[in-house]
Amino acid sequence: MTGVDVAALDVTRERRRILHGIDAHVGTGGWLAVIGPNGAGKSTLLKAVAGLLPYSGDVRVDGVRLRDLPPRELARTIAYTPQNPVVPPQMSVREYVLLGRTPHLGYLAVPGRRDRAVADGVIERLDLADFAHREVGRLSGGERQRVVLARALTQQTPVLLLDEPTTALDLGHQQQVLELVDLLRRDDGLTVITTLHDLGLAAQYAERMLLLVEGRAAAAGTAAEVLTPDSIAEHYQAHVEVVAGRDGRPQVHLVRPRDNARGGQARPAADVGGKAGP
């Protein structure tokens, strides 16, 4: 059983405190979405949990302190995809995805049949098979984003950290990626922490939310508890309407201020952070 516990986490960079005493918990097979306005510290939180930034406080997976793990064991525990990944342009998609198997290989070992089968299975599920032999440097931004996710999934870790996983993806591939992550969460017990700008997507997929504002936790709980018109107005300076969808999850729509709306009537315009509505 695997769960992630973050306790009193502080991050200071260049003498400036970025995160202030963050507490968070996501249980085995859970999905926590970290949301908040730009500059709130969302990406910093994921990097700290992934062990990429120094921090004070505590991060544990299944009760084990992550800072006590050697690098190879940490890479078998947590997979992380950055918001703006840097990838080797000359490497093929398949070769790059296979790098996700590195933590499972012995020193100087090369990927075996099972490693290639795992990589090929992920490539297929993320709709990457048609250009598995293409150089990564020749991919579009959306294709590259899926390749980076494929590498992370190929690690087969119990915890997955995704920093804005839908950036540069078209609507169909956004849904494809999030549905696959949700399937792995439900079927394999994968524990997921994501940052997401799109509050509508976050509400559709995450079980719980953590709202960061200026490096502090402003709210935590279910989507319905966190995504309220008053909270969004206060922290995002946005006029919104929040309604319950058919599944009971909240749907967030931008609403034009009454003074600016055509004909003097406020009307839904778009999902916050998402595409324009009908």
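# Exercises on two sheets, a pocket and two buried residues

Strand 7 and strand 8 (residues 191-195) form a parallel pair held over 5 bridges. The structure is a predicted model.

## Exercise 1

Determine the strand order of the sheet that contains strand 7 and strand 8, and identify which strands stand at its edges.

Solution.

Step 1. Take the pairing of strand 7 with strand 8, parallel over 5 bridges. Within it, Leu-160 lies opposite Val-192 of strand 8.

Step 2. Look for another partner of strand 7 (residues 159-163): strand 6 is joined to it by 4 bridges, and the two run parallel. Here Ala-79 has Leu-160 of strand 7 as its bridge partner.

Step 3. Extend to the whole sheet. It is open, has 6 strands in the order 6-7-8-3-9-10, and its pairing is mixed. Strand 6 and strand 10 (216-221) are the edge strands, each pairing on one side only. On average, neighbouring strands are turned by 15 degrees against each other, with direction ignored.

Step 4. Add the helix. Helix 6 (residues 171-188) packs on this sheet and touches strand 3 (31-35), strand 7 and strand 8. The direction of helix 6 makes about 140 degrees with that of strand 3.

## Exercise 2

Describe how strand 6 is covered on its two faces, and list the contacts of Thr-81.

Solution.

Step 1. Assign the faces. Ile-78 and Tyr-80 are on one side of strand 6, Ala-79 and Thr-81 on the other, and all four are buried.

Step 2. Check Thr-81, which belongs to strand 6. Its relative accessible area is 4%; the cut-off for buried is under 20%, so Thr-81 counts as buried.

Step 3. List what surrounds Thr-81. Beyond its neighbours within four places in sequence, Thr-81 contacts Val-148, Leu-149, Ala-152, Leu-161, Leu-162 and Asp-163.

## Exercise 3

Characterise the second largest pocket by its volume and its lining.

Solution.

Step 1. The volume of the second largest pocket is about 420 Å³.

Step 2. Its lining has 21 residues, and those closest to the centre are Ile-78, Ala-79, Tyr-80, Arg-151 and Gln-155.

Step 3. Helix 2 (71-77), strand 6 (78-81) and helix 5 (141-154) are the elements that each give two or more residues to this lining.

Step 4. By class, the lining of the second largest pocket comprises 16 nonpolar, 4 polar and 1 charged residues.

## Exercise 4

Work out the order of the sheet of 4 strands and explain why one side of each edge strand has no neighbour.

Solution.

Step 1. The sheet is open, with the order 2-1-4-5 and antiparallel pairing.

Step 2. Strand 2 (16-26) and strand 5 (64-65) are at the edges; each has a single partner strand, so one side of each lacks a neighbour in the sheet.

Step 3. The partner pair of strand 1 (residues 4-13) and strand 2 runs antiparallel, joined by 7 bridges. Arg-13 has Arg-16, in strand 2, as its bridge partner.

Step 4. Helix 1 (residues 42-49) packs on the sheet, where it touches strand 1, strand 2 and strand 4 (56-61). The direction of helix 1 makes about 115 degrees with that of strand 1.

## Exercise 5

Decide whether Leu-105 is buried or exposed, and locate its contacts.

Solution.

Step 1. Leu-105 sits in the loop between helix 3 (93-98) and helix 4 (113-125).

Step 2. The relative accessibility of Leu-105 is 13%, so this loop residue counts as buried.

Step 3. Not counting residues up to four places away in sequence, Leu-105 touches Arg-72, Val-110, Pro-111 and Asp-115. Arg-72 is 33 residues from Leu-105 in sequence, with a C-alpha to C-alpha distance of 9.7 Å.

Note on methods
Residues numbered from 1 in each chain as written. Predicted model: local features only at pLDDT ≥ 70, side-chain atom pairs only at ≥ 80, totals over all residues. Heavy atoms only, no water. 1 Å grid on protein atoms, 1.4 Å probe; cavity = no way out; pocket = protein on both sides within 12 Å on 5 of 7 lines; lining within 4 Å. Points joined across faces, edges and corners; volume = space filled by probe spheres on them. Nonpolar A, V, L, I, M, F, W, Y, C, P; charged D, E, K, R; others polar. Buried < 20%, exposed > 50% of the residue type's maximum accessible area, 1.4 Å probe, protein only. Contact = heavy atoms within 4.5 Å. Pairing = 2+ DSSP bridges. Axes fitted to C-alpha atoms, helices over the stretch in contact; angles between N-to-C directions.
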